[in-house]
Amino acid sequence: MDLNIDEIISVSSTTKLGKIVKISMSYNKESQLIHSIKITGDFFIHPEEVIEQLEHGLCGIKLEKQYLKNKIQLILENSEFFGFEIDSLTDIILKTCDDRK
């Protein structure tokens, strides 16, 4: 097991739209790459399988705002979502590792 991978860490946040987004994530502290991520909450996304595509697509992405935002935009471009904005989701993911410090 790679000792630089943190335990799974979680954060729950309320978006500007009043919806709860929960992130559970493990990442490599040294490289700042996401190892695994789970995104849940009371938001809506259609088609529903896009959330799994998003979680899979974020694995291996560096925990830097522009990298995350670009990848999220790319994955969500042909879907409809309500309850979060791309910027707020990006910030919540980054807050997950900031809370660990």
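Two exercises with worked solutions follow.

The model is predicted, with local features requiring pLDDT of at least 70 and side-chain atom pairs pLDDT 80 or more, while totals for chains, interfaces and linings use all residues. Residues are numbered from 1 along each chain as its sequence is written, and side-chain values use heavy atoms, without hydrogens and water.

**Exercise 1.** Determine how the axes of helix H2 and helix H3 cross.

Solution. Helices (H or I, at least four residues) and strands (E, at least two) are DSSP runs numbered from the N terminus. Helix H2 covers residues 65-76 and helix H3 residues 86-98. Their axes, lines fitted to C-alpha atoms over the stretch in contact, come within 9 Å and cross at roughly 130°, with angles running from 0 to 180 degrees between N-to-C directions. H2 is therefore oblique to H3; oblique covers angles that are not under 35 degrees (roughly parallel), over 145 (roughly antiparallel) or 65 to 115 (roughly perpendicular).
Next, the contact (heavy atoms within 4.5 Å) includes Leu68, Ile72 and Leu76 of H2 and Ile86, Leu89 and Ile93 of H3.

**Exercise 2.** Describe the sheet formed by S1, S2 and S3, and place H3 relative to these strands.

Solution. The three strands form an open sheet in the order S1-S2-S3, with antiparallel pairing; strands pair if DSSP finds at least two bridges between them. The edge strands, each pairing on one side only, are S1 (9-14) and S3 (34-41). The twist averages 20° from one strand to the next. S2 (residues 20-27) pairs with S3 over seven bridges, and Tyr27 has Ile34 of S3 as its bridge partner. Finally, H3 lies across S1, S2 and S3, at about 50° to S2.
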